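Opening the notebook on this one. I want to look up how some of the pieces pack and pair, and how far to trust the coordinates.

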Amino acid sequence: EYALSIGDQFLAYNSMDWVSLFLDLARIADNAEQSKNWVQKAFKVFYDEKSSPLELQETDFEFALQRFALFKVIPAFTQYEWQLFKQENDVKLLDKSYQFAKKGIEFADYIWQHQRTDESKLELVKLAREHIETTIQISRSMYKTKTDSSILNDLFQLIEKHKALLLAEAIEDRGIKLDLGIPDSILKEEKRLSRLIFEEQKRLLEQKTDAPLLKDSTAYYNTLFQLKEELFRLQQSIANDYPKYYLLKYDNTPLSIEEIQSNLSDKELLIDYMLDDQGLNIFAIQKEQVFYHHQPIQKDELNQQLSQLQSLIHHPNIGSSEQAKREQLKAYQQLAFQLYETLLFPILKEFEVVQKLLIIPDGMLGYLPFELLLDEVSTAKSSFRNLPYLLKKYSIRYEYSAKFVLPSKTTEGKPLS
C-alpha cells in the first residue's frame with residue numbers, strides 16, 4: 001500500500017517493477033475479485049488498450065517489451081480463472097481458464113522460437129514449467145467434460161512440451177548428458193557461442209542506458225551479428241548430423257497424434273508417461289487407436305516402489321540362505337507385478353494385439369527396465385530364471401520423446417530459428 005501511495009515518485013508506470021507489485025498484490029488479495037483487478041492492472045502495464053490476453057495476436061508478441069515479464073502475467077489470469085472454477089464448478093469458467101492457458105502456451109512457444117541463447121531458454125524453462133503443469137490439469141478436466149479429440153491432442157502435445165522442458169533444464173542447468181550421439185566438442189562450441197551472445201546482448205543493453213556511449217554501439221551490433229551467424233551455421237550442422245539432439249533442443253513444432261500413428265509399425269504401441277502432483281498421465285497410441293488414462297498415485301509412493309525394485313535387481317542375496325532367497329523372490333514378484341498393474345495393465349487391456357512396446361518414460365521411470373516387470377505372480381516359480389518377464393512377450397524399446405518416432409527431417413533450405 002505504501003509503494004502504491006508513493007510509487008509515482010520513484011517508478012515510471014511502464015516499469016516492470018509495477019508488474020511485480022501488482023502480481024504480488026494479486027497473490028495476497030482478500031478475494032477473487034480483488035485478485036482479478038490486480039492481475040488486470042499488471043496486464044495494462046503492457047497493453048493499456050486491451051482488456052485481456054485473449055485479445056493478443058502474434059504481432060503483439062513480436063513487439064512486446066520485456067517478454068519474460070509479460071509471460072508471468074498470462075499464467076496469473078489462468079490461475080485466477082482455474083481457482084474460480086474449482087470453487088464454483090462452472091463449466092464456463094473452466095472453458096475460460098482453458099483459453100487463457102492455451103494463450104500462455106502460445107506465447108511460451110513464441111518466446112522459445114525467438115531465443116537463441118541457452119541462458120534465455122533456461123530462464124523460459126523455469127517460468128513455463130509450472131504453467132504447463134497447470135494447463136495439463138485444466139486440459140484433463142476439459143477432456144472429462146467434453147471428450148473432444150482436439151482437446152486430447154492438446155493434452156498429448158502439452159505432455160511432450162513438459163518433457164522437453166525438463167530435458168532442456170537437465171541438460172543446461174544440471175549438466176546431465178543424454179545419449180544422443182553428439183560429440184562433447186560440438187556441445188562445448190555450442191555453449192561457448194551461446195554464452196558469448198548472451199554477454200554481448202547484456203553489454204549492448206548496458207550501452208543503451210548510457211547515452212554518451214551510444215555511438216560505440218555499432219561495434220557491439222557487428223560482433224553480435226557475427227556470433228549469431230556462427231551459431232546459426234552450427235545449428236544447421238547439428239540438425240543434419242545429430243537430429244535427435246536438435247529435435248529435443250531446438251524444434252518446438254507441435255506433434256499431433258495422427259503424425260505418431262502414421263509412423264508406428266503394425267502391432268506397435270507407444271506409451272508416453274508423465275508424472276504430476278495429481279498422479280500419472282499415460283498416453284497409449286497405436287495405428288488405429290488412442291487411449292488416455294490418468295492413474296492416481298503419489299510421486300513419493302511410486303518413486304519408493306521403483307527404488308525398492310532397483311535394489312532387488314542390483315543387490316540380490318547371492319550366497320544367502322535358501323529362506324532369504326525365497327523371501328527375495330517373493331518380494332520381487334509382488335513388487336514387479338504391482339508396478340505392472342500400475343503402469344501397464346490399465347493400458348494393455350484396452351488393446352487387442354500388441355507385440356512391440358515403445359516406452360517414453362518420465363522422471364524415475366527412466367531408470368525402470370520394463371522388460372523385468374511381471375504380468376502375474378506365481379508361487380510355483382522357484383527361481384528368478386522361470387518368472388514370466390515381459391521381455392518374453394514383448395519387444396521393448398525406449399525413447400526420450402515421441403518426436404523420435406518420426407523420420408529424421410532435413411533442414412536444408414529451412415530457417416532454424
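**Helix packing**

I started with helix 2 and helix 5, which are roughly parallel to each other, because angles under 35 degrees count as such (over 145 is roughly antiparallel, 65 to 115 roughly perpendicular, the rest oblique). This is a predicted model: I take local features at pLDDT of at least 70 and side-chain atom pairs only at pLDDT 80 or more, while totals for chains, interfaces and linings use all residues. Residues are numbered from 1 along each chain as its sequence is written, and side-chain values use heavy atoms, with hydrogens and water left out.

Helix 2 spans residues 16-27 and helix 5 residues 67-88; they pack at about 20°, axes 10 Å apart. Helices here are DSSP runs of H or I, at least four residues, and strands are runs of E, at least two, numbered from the N terminus. Axes are lines fitted to C-alpha atoms, for helices over the stretch in contact, with angles from 0 to 180 degrees between N-to-C directions.

Who touches whom? Met-16, Val-19 and Leu-23 of helix 2 meet Ala-69, Lys-72, Val-73 and Ala-76 of helix 5 (contact means heavy atoms within 4.5 Å).

**Strands**

Next I checked strand 2 (residues 279-286) and strand 3 (residues 289-295), which pair antiparallel over seven bridges; pairing needs at least two DSSP bridges. A two-residue hairpin joins strand 2 to strand 3, and Gln-286 sits opposite Gln-289.

**Confidence**

The chain's mean pLDDT (predictor's confidence per residue, 0 to 100) is 83, with 86% of residues at 70 or more. Over residues 409-417 I find pLDDT below 50.
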